[in-house]
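Trainee: Hello! Could you walk me through this protein step by step?
Mentor: Happy to; let's bring it up on the screen.

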Amino acid sequence: MTKKVFIITGEYSGDMHAALVVQELKKLIPDIIIEAVGESNLEKEGVKLFRNHSKMGKIGLGLSTIINHYILGIDIINYLKNDFKPDLVLLVDYGAFNLQISKKLKALNIKTHYFIPPQVWASRKHRLKTIKANIDKVYTIFPFEKEFYDQYGIDSEFVGHPIKDELPLCSKRDEFFEKNNLDKNKKLIGVFPGSRTFEIHFLLKIFLGAIKLIEKTRPDIQFVFSHAKSLPDNAFKIEYKTLKNQNRELLAYSDALILASGTVALEAAFYETPMLIAYRGPIFFYLVYLLLRNIKKACLVNIITKADYIDELLMFKANKKNIAKTLLEILDNDKKREFIIEGCKKTKELLNKSNCGFNVANSIKEELLGR
């Protein structure tokens, strides 16, 4: 009997990660039928989209997002119950929505797996109850996550991080510099002020202030800003060069990086580029974070290696003087640079489980067809 799988993603990154799984799943089960809530990456793999991400709404707790999620959840459940009738549902990232829908999938007795689950090891540990009650198998992307889930008797498998398979080979450094009219005789600092509008609001002014301080004494340094794909074209207007759709090259070829906290730090680690993390947000959300967090580190490199390789300048420590001082230390202190690069290499080693997409697909195949 032909097997059916339904995939639920909520953002572009999840759609991209899910596409890796679909590529491998179709090789393992050629006649499998796959439909999804997704975007262009899944569509390119021949997956029929039930809905695209336009129904998801923006990240946050706005009324429109809540309404969109509620209506979409009803639509999905009705479709799965009455029409598609899948053998398995694969949830990918997008925790707030996917955890809620997992309850309804459980009520329908539909086998449910979760790829890139919510980071309950970092905060909101109470979500473990929902995961244990409703998810049949969890695919973790960090090795310490499996150890965490094992403590609570949740079936999990460390499959490796999708970033390893998704990072493209970059063009040559000289080509990148020429293409963007950069000075090959100056050090390059890549600046990543965030991928969300509120992050730009809180971080851009601070990052610019740090740059102005550095420029007073260091004419040998040039700065280039990353313009995240998720941001509108007019998200920020500054006097410095900004690049869109060249994030990976900027990460690879910078001499050092100023980063907002997030997955970008992991990408930088894979390119072994020295970095610092600086992050500031609304004080209310920071206080809530302090109450809910389970760990005290923010940078994924530090979390994965269980060490302090990367400087974390958070909230009030994220000011122009601290950023400028730390960045110059990274540029001028060879021991510090080597220490950070060592942390990047250790991170890569710990995540170096090949072909994440295959590992997930193979586990799904065993669930559907047996070993």
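What follows is a set of questions and answers that goes from the whole chain to single residues.

Trainee: How many helices and strands does the protein chain have?
Mentor: Before we count, keep in mind that this is a predicted model. Its secondary structure comes to 16 helices and 13 strands.

Trainee: Why can we call the protein chain as compact as a globular protein of its length?
Mentor: For 371 residues, the globule rule gives 21 Å. The radius of gyration of this chain is close to that, so the chain is as compact as a globular protein of that length: its value is 22 Å.

Trainee: What percentage of the residues in the protein chain is buried?
Mentor: A residue counts as buried when its relative accessible area is under 20%. Of the 371 residues in the chain, the buried share is 51%.

Trainee: Among contacts between residues at least 6 apart in sequence, what share joins residues at least 24 apart?
Mentor: Here we look at residues that touch although the chain runs on between them. Among those contacts in the protein chain, the share joining residues at least 24 apart is 64%.

Trainee: Which helix gives the most to the largest nonpolar core?
Mentor: In soluble globular proteins, nonpolar side chains tend to be buried together. The largest nonpolar core here has 118 residues, and those that touch the most other members include Phe6, Ile76 and Phe115. With 8 residues, the helix that gives the most to this core is α9, residues 197-215.

Trainee: Which residues does Ile76 touch, not counting those up to four places away in sequence?
Mentor: Ile76 is one of the core residues that touch the most other members. Once sequence neighbours up to four places away are set aside, Ile76 touches Ile8, Val37, Ile101 and three phenylalanines, Phe6, Phe50 and Phe97.

Trainee: How many residues of helix α11 are buried?
Mentor: Helix α11 covers residues 263-270 and is mostly covered. Its buried residues include Val264, Leu266 and Phe270, and Glu267 is also among them. Out of 8 residues, the number buried is 7.

Trainee: Which residue with a positive phi follows α11?
Mentor: Just look past the end of that helix. The phi there is near 60°, and the residue is Glu272.

Trainee: Is Gly95 buried or exposed?
Mentor: Gly95 sits in helix α4, residues 95-107. Leaving aside neighbours within four places, Gly95 is in contact with Tyr114, Pro118 and Arg127. Its relative accessible area is 13%, and the cut-off for buried is under 20%, so Gly95 is buried.

Trainee: How does Lys212 count: buried, partly exposed or exposed?
Mentor: Lys212 belongs to helix α9, and beyond its sequence neighbours up to four places away it touches Glu239 and Tyr240. Buried means under 20% and exposed means over 50%. The relative accessibility of Lys212 is 35%, so this lysine counts as partly exposed.

Trainee: Which residues does Gln246 touch, not counting those up to four places away in sequence?
Mentor: Gln246 lies in the loop between β10 (241-244) and α10 (247-253). Although in a loop, Gln246 is buried, with a relative accessible area of 11%. The residues it touches are Phe176, Lys179 and Asn180.

Trainee: How far apart are the mean positions of the positive and negative charges of the protein chain?
Mentor: The chain carries 57 positive and 44 negative charges. Taking the mean position of each set, the separation is 5 Å.

Definitions and conventions: Residues numbered from 1 in each chain as written. Predicted model: local features only at pLDDT ≥ 70, side-chain atom pairs only at ≥ 80, totals over all residues. Heavy atoms only, no water. Helix = DSSP H or I, 4+ residues; strand = E, 2+ residues; numbered from the N terminus. Rg over C-alpha atoms; globule rule 2.2 N^0.38 Å. Buried < 20%, exposed > 50% of the residue type's maximum accessible area, 1.4 Å probe, protein only. Contact = heavy atoms within 4.5 Å. Lys, Arg positive; Asp, Glu negative; His and termini not counted. Charge placed at Lys NZ, Arg CZ, Asp CG, Glu CD. Core = buried A, V, L, I, M, F, W, Y, C linked by side-chain atoms within 4.5 Å.
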